[in-house]
Amino acid sequence: MKRFLITGAAGRIGTALRAGLADKDTILRLTDVKPLGEAGPNEELVECDLADLDQFVSLCDGVDAVVHLAGLVHPSLSWEDALHNNFLSNYNSFEAARLKNVKRVVFASSIHAHGFARRNTVISQNTPYRPDGLYGLAKVFGEATGQLYADKYGMEVVCLRIASFRPQPSTVRELATWLSPRDAVQLVRRSIDTPNAHFICVYGTSNNDKGLYDTSNWKTIGYAPVDDSAEFADKVSKDPEPEFDRQFHGAHYTSPDFAGDISKI
């Protein structure tokens with residue numbers, strides 16, 4: 001039996017994984033600050049403050065892989081909220097795994113790690129970081145922490161730069177950024193199972209034909225998405241994005257509190 005820890009398991013992606021990763025040979029250990037309901041077959045529900053390292057270490061006992069999804073998602077997080085819910089939990093996910101000899105960590109990163117990259121550029125795992133807020137900055141921190149733990153401690157780390165996880169795309173932009181629930185399950189499963197990973201960053205989208213991201217390294221983990229946003233092209237809202245937002249990959253995460261010089265970005 002394999003045991004996978006999923007943090008943020010009550011969220012939209014966590015809920016999809018809870019159903020999609022369930023099988024007779026896998027135990028899912030689930031944690032979230034939100035209610036998780038009743039435990040299903042081969043499920044363990046555990047309360048944990050992920051900002052508390054000792055609690056996170058206990059959570060990793062007997063675990064074969066950590067899938068770290070937890071964190072507050074908002075374009076205008078306060079520093080206090082970001083520190084407690086994002087930065088500390090991101091660090092603790094790697095340190096607790098190291099202390100419990102968990103070899104594989106799958107870290108849910110985000111395209112907001114480079115949200116201020118211009119949208120007319122194709123971005124890749126080698127694109128310089130340009131976070132668009134504290135949420136994106138916490139993802140940069142998490143990726144950098146993963147690189148450290150891979151290099152220094154031999155941990156196997158897969159970072160998933162997730163774009164727009166939805167049941168179906170709802171805007172023109174999401175025709176390029178959509179990640180379906182079915183593909184999200186496959187993406188995480190491949191990230192857990194791919195052998196001999198050191199440190200890998202891959203983009204979390206479905207098989208969309210819009211070319212915002214370099215997805216050439218999907219093959220390194222065997223990810224082959226089956227859903228395509230083109231199916232919904234006639235159903236999405238045609239309302240235009242605000243002029244500011246549509247210039248950047250981070251879209252509406254870039255404009256709150258903006259006081260910079262757009263010409264220098």
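Which residue of β2 does I6 stand opposite? In this predicted model, I6 stands opposite L30 in β2, and that pairing is a convenient place from which to begin a reading of the sheet.

**The sheet**

The two strands concerned are β1, which covers residues 2-7, and β2, which covers residues 26-31; they run parallel and are joined by 6 bridges. Along the pair of strands, F4 also stands opposite a residue of β2, namely L28. Of the 6 residues of β1, 5 are buried, so this strand is largely enclosed by the rest of the structure. As a general point on strands of this kind, when a strand is regular its side chains alternate between the two faces of the sheet.

Taken as a whole, the sheet is open and is formed by 7 strands with parallel pairing, in the order β3-β2-β1-β4-β5-β6-β9. The edges are held by β3 (43-45) and β9 (199-204), each of which has a single partner strand, so one side of each is left without a neighbour in the sheet. From one strand to the next, the twist averages 20°.

**Helices against the sheet and against each other**

Helix α1, made of residues 12-20, packs on the sheet, where it touches β1, β2, β3, β4 (65-68) and β6 (156-162), and its direction makes about 160° with that of β2. Helix α4, made of residues 134-153, lies across β5 (104-110), β6 and β9, and runs at about 155° to β5.

Helix α1 also packs with helix α6 (residues 181-193), at an angle of about 70° and with the two axes 9 Å apart. These two helices are therefore roughly perpendicular to each other, since angles from 65 to 115 degrees are counted in that way. On the α1 side the contact is made by A16, L17 and G20, while α6 contributes P181, A184, V185 and V188. Sorted by class, the residues of this contact are 6 nonpolar and 1 polar, with no charged residues.

**The nonpolar cores**

The largest nonpolar core holds 31 residues, and those that touch the most other members are I6, L17, L21, V67, L160 and I192. Two of these names have been met before: I6 is the residue that faces L30 in β2, and L17 takes part in the contact between α1 and α6. Two or more residues of this core come from each of β1, α1, β2, β4, β5, β6, α6 and β9, with α6 giving the most, at 5 residues.

The surroundings of L160 can be followed in detail, for, when residues up to four places away in sequence are not counted, L160 touches V106, F107, A108, S109, S110, L187, V188, S191 and V202. A second core, separate from the largest one, has 22 residues, L59, V63, V102 and V157 among them.

**Selected residues outside the sheet**

Which residues of the loops, helices and end segment are buried, and which are partly exposed? The table sets four of them side by side.

| Residue | Place | Relative accessibility | Class |
|---|---|---|---|
| N42 | loop between β2 and β3 | 30% | partly exposed |
| L88 | helix α3 (residues 79-99) | 32% | partly exposed |
| R246 | segment after β9 | 42% | partly exposed |
| A251 | segment after β9 | 1% | buried |

N42 and A251 each carry a positive phi although neither is a glycine: phi of N42 is near 60°, and phi of A251 is near 50°.

R246 touches R119 and E241, leaving out residues up to four places away in sequence. R246 can also be set beside N120, from which it is 126 residues apart in sequence, with a C-alpha to C-alpha separation of 9.6 Å in space.

For L88, contacts beyond the neighbours within four places in sequence are made with L50, A51 and L83. L88 and F258, for their part, are 170 residues apart in sequence and 26 Å apart in space, again from C-alpha to C-alpha.

Definitions and conventions:
Residues numbered from 1 in each chain as written. Predicted model: local features only at pLDDT ≥ 70, side-chain atom pairs only at ≥ 80, totals over all residues. Heavy atoms only, no water. Pairing = 2+ DSSP bridges. Helix = DSSP H or I, 4+ residues; strand = E, 2+ residues; numbered from the N terminus. Axes fitted to C-alpha atoms, helices over the stretch in contact; angles between N-to-C directions. Contact = heavy atoms within 4.5 Å. Parallel < 35°, antiparallel > 145°, perpendicular 65-115°, else oblique. Nonpolar A, V, L, I, M, F, W, Y, C, P; charged D, E, K, R; others polar. Core = buried A, V, L, I, M, F, W, Y, C linked by side-chain atoms within 4.5 Å. Buried < 20%, exposed > 50% of the residue type's maximum accessible area, 1.4 Å probe, protein only.
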